[in-house]
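Me: I'd like a close look at one part of this model, the sheet region of the second chain. Could you walk me through how its strands go together and what surrounds them?

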Amino acid sequence: MKKYSLILLVLIMGTSVFAQKFVTKSGHIRFYSETPMETIEANNKQVNSAYDHENGAFVFKVLMKSFEFEKALMQEHFNENYVESDDFPNSFFKGKIVNNEDIDLNKMGEVPVKVIGQLTLHGMTMDVEADGIMDIQENMISASSKIIIEPKEYDIKIPGAVVKNIAEEIEVFINVDLKKLSK
Amino acid sequence: MLKKIILSLLVIGILGGGYAYFFMYNKSHPDYEDLDADITISAQDLYLQCKENGKAAEYTGKIIETLGTPQEIEDNDGIKTLVFVFEEGMFGAEGVRATFLPSNNNELSSLSMNTQVRLKAFCTGYNETDVVLEKASLIRK
């Protein structure tokens, strides 16, 4: 009897923990660079992301080769010369929502959030802080945010010939529809 | 006379260089449906090679022809993804995810799950939960 009670307790605890997790494997990250010479935009719609309501943990995992550019040449340069995606195939963010206690899963609607964490890109890890919005829905959370990335901070070298074509500060827009993990 | 020849060669060189740059700058993306596969491997072996044997680099950036039995089809704003599930992880099903070219949408709509499918796609890597295939197209054999 004691044994079965313990199993039941573990199952209940497990369910309650998993019920707090929200995930997606089709998140969208778009980056945008604008200079007088050129506007560059790329989209990645295969972004893995997870949010754990229990502790506010938020993670992203991005395959660099999944970024799509309008021009094939830009995509080639991005992968081969700038982010060197053969050597650094993944980029990831690990952080947490500072005001996680403001998120009430029973209260539908938008909640402004602040996220802090570390972004690893091109083998370099930097602290990142961003404001965002969590839109609480039934069994789903739509999260959006924008961060600014400076390529030089991540040791991404832009050749002199195109340095005026690429912005020093690149805007990165994040949109993920996180679905409640049913387990 | 020599001056004229040098000048003509210079003009031809500049025009040729300009044309080459324009052509390169505007070259289109490959037609993934027409590309030949670099590697043929079952979906399960592809997943295991990347997960267990750390061989993702051998498949990333390659055109993969693969065969497997999908368990799910996802539709994100008209973009369809077949999901070949091989295990359950911390964040749900893990396996191979193949996102298709829109030209395949009609055939995918009538596809029944749990039947074997052969496809060709560009592998963008392994993200520690799934092998991600993009620009996929069904192979009808």
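Reply: Here is a walk along those strands, then out to the core, the partner chain and a couple of odd backbone angles. Keep in mind that this is a predicted model.

Let's place the region before going in. Chain B is assigned two domains, domain 1 covering 1-30 and domain 2 covering 32-138. Their centres, taken over C-alpha atoms, are 43 Å apart. The strands you're asking about, β3(B) at 72-76 and β5(B) at 92-100, with β4(B) at 79-89, fall in the part of the chain assigned to domain 2.

Start with β3(B) and β4(B). These two run antiparallel and are joined by 5 bridges. One of the pairs to click on is B:Asp75, which stands opposite B:Lys80 of β4(B). The hairpin linking the two strands has 2 residues between them, and B:Asp77 there takes a positive phi near 50 degrees. That's worth a glance, since most residues other than glycine have a negative phi.

Carry on along the chain and you reach the next pairing. β4(B) is antiparallel to β5(B) as well, this time over 8 bridges. Again the hairpin connection takes 2 residues. Here B:Glu87 has B:Glu94 of β5(B) as its bridge partner, so to speak a Glu facing a Glu across the ladder.

Now for the packing. The largest nonpolar core has 56 residues, and B:Val96 and B:Ala98 are among those with the most contacts inside it. B:Leu46, B:Ala121, B:Val131 and B:Leu133 belong to that group too. As for elements, β6(B) gives the most to this core, with 6 residues. B:Leu133 is a handy residue to centre on: beyond its neighbours within four places in sequence, its contacts include B:Val96, B:Arg97, B:Ala98 and B:Thr99. B:Ala121, B:Phe122 and B:Cys123 also touch B:Leu133, as does B:Ile64.

Some of these strands also meet the other chain. In that interface 23 residues of chain B are in contact with 17 residues of chain A. β3, β5, β6 (117-126) and β7 (130-138) of chain B each supply at least two residues to the side that touches chain A, and so does the helix α1 (2-25). That side is made up of 12 polar, 6 charged and 5 nonpolar residues.

Who's the partner? Chain A has 2 helices and 9 strands, arranged along the sequence as α-β-β-β-β-α-β-β-β-β-β. It has 183 residues, 27% of which count as buried. Among its contacts between residues at least 6 apart in sequence, 61% join residues at least 24 apart.

Finally, B:Asp77 has company when it comes to positive phi. B:Asn114 has a phi near 65 degrees and sits in the loop between α4 (105-109) and β6 of chain B. B:Asn114 counts as exposed because it has 7 other C-beta atoms within 10 Å, and the cut-off for exposed is 12 or fewer. Over in chain A, A:Asp155 has a positive phi near 60 degrees. You'll find A:Asp155 in the loop between β8 (140-149) and β9 (170-180) of chain A. With 11 C-beta neighbours inside 10 Å, A:Asp155 counts as exposed too.

Notes
Residues numbered from 1 in each chain as written. Chains lettered and ligands numbered in written order. Predicted model: local features only at pLDDT ≥ 70, side-chain atom pairs only at ≥ 80, totals over all residues. Domains from an automatic or database assignment. Contact = placed C-beta atoms within 7 Å. Helix = DSSP H or I, 4+ residues; strand = E, 2+ residues; numbered from the N terminus. Nonpolar A, V, L, I, M, F, W, Y, C, P; charged D, E, K, R; others polar. Buried ≥ 20, exposed ≤ 12 C-beta atoms within 10 Å, placed from the backbone. Pairing = 2+ DSSP bridges. Core = buried A, V, L, I, M, F, W, Y, C linked by C-beta atoms within 7 Å.
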